[in-house]
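Dear colleague,

I am pleased to hand over the structure below for your consideration. My findings follow directly after it.

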Amino acid sequence: MSTTNNELNATNTAWQIAMQEILRVVIRDLYQAKGEAHFKQHIERIEMAAVDSIQTDLRFRGTDEWTEVLVKEKASNFVTSLLTSFTYDRA
């Protein structure tokens, strides 16, 4: 793999980690105050809304249907994996 590809992969990975941590802090701060059940309900609602938006509202110009379906599926899976990784912090 070339240096340019390594740098691009490092940048993409760093961006993903940064967004994940920002999202984790925001969600925790917004929904932690009312207890664990409330927190879990909000995580589920956010997941459902995000996946629905990806599947129904996201459009790609200049690509074929197969690529669009693949990207939507991967994005939906990423949303689910990310949000289900969040845990309620009792501290």
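A residue is called buried when its relative accessible area is under 20%, exposed when the value is over 50%, and partly exposed in between. Ser76 has a relative accessibility of 5%, and therefore counts as buried. Please note that this is a predicted model.

Overall form

The secondary structure of the chain consists of three helices and zero strands. In sequence order, the pattern reads α-α-α. The radius of gyration of the chain is 16 Å, whereas a compact globule of 91 residues would have a value near 12 Å. Along the principal axes, the C-alpha atoms occupy a box of roughly 45 × 35 × 15 Å.

Of the 91 residues in the chain, 19% are buried. The chain exposes about 6900 Å², and 57% of this area is supplied by carbon and sulfur atoms. When contacts between residues at least 6 apart in sequence are considered, 58% of them join residues at least 24 apart. The chain carries 10 positive and 13 negative charges, and the mean positions of these two groups lie 5 Å apart.

Helix H3 and Ser76

Ser76 belongs to helix H3, which covers residues 65–84. Which residues does Ser76 touch, not counting those up to four places away in sequence? They are Val51, Ile54 and Gln55. In addition, the side chain of Ser76 reaches the backbone oxygen of Lys72 at 2.9 Å. The buried state of Ser76 noted above, at 5% relative accessibility, may be read together with these neighbours.

Helix H2

Helix H2 comprises residues 36–57, and Ala37 has its place there. Is Ala37 buried or exposed? Its relative accessibility is 56%, so Ala37 counts as exposed. Ala37 and Asn77 are 40 residues apart in sequence, and their C-alpha atoms are 23 Å apart in space.

Lys40 is also situated in helix H2. Lys40 counts as exposed because its relative accessibility is 51%, a value to be judged against the cut-off of over 50%. Between the C-alpha atoms of Lys40 and Asp64 the separation is 37 Å, and these two residues are 24 apart along the chain.

His42 lies in helix H2 as well. With a relative accessible area of 16%, His42 is buried. The side chain of His42 forms a polar contact of 3.1 Å with the side chain of Arg45. As for Leu58, it stands 16 residues from His42 in sequence and 22 Å from His42 in space, C-alpha to C-alpha.

Glu44 is a further residue of helix H2. Why does Glu44 count as partly exposed? The reason is its relative accessibility of 48%, which falls between the cut-offs of 20% and 50%. How far apart are the C-alpha atoms of Glu44 and Thr84? They are separated by 8.4 Å, although the two residues are 40 apart along the chain.

Points to view in the structure

For a first inspection, I would suggest the following places:

- Ser76, with its contacts to Val51, Ile54 and Gln55.
- The side chains of His42 and Arg45, joined by a polar contact of 3.1 Å.
- Glu44 and Thr84, whose C-alpha atoms are separated by 8.4 Å.
- Lys40 and Asp64, whose C-alpha atoms are separated by 37 Å.

Yours sincerely

Notes. Residues numbered from 1 in each chain as written. Predicted model: local features only at pLDDT ≥ 70, side-chain atom pairs only at ≥ 80, totals over all residues. Heavy atoms only, no water. Helix = DSSP H or I, 4+ residues; strand = E, 2+ residues; numbered from the N terminus. Rg over C-alpha atoms; globule rule 2.2 N^0.38 Å. Buried < 20%, exposed > 50% of the residue type's maximum accessible area, 1.4 Å probe, protein only. Contact = heavy atoms within 4.5 Å. Areas by Shrake-Rupley, 256 points an atom, 1.4 Å probe, with all protein chains shown as cover. Lys, Arg positive; Asp, Glu negative; His and termini not counted. Charge placed at Lys NZ, Arg CZ, Asp CG, Glu CD. Polar contact = N/O pair within 3.5 Å; in protein donor to acceptor, adjacent residues only side chain to side chain.
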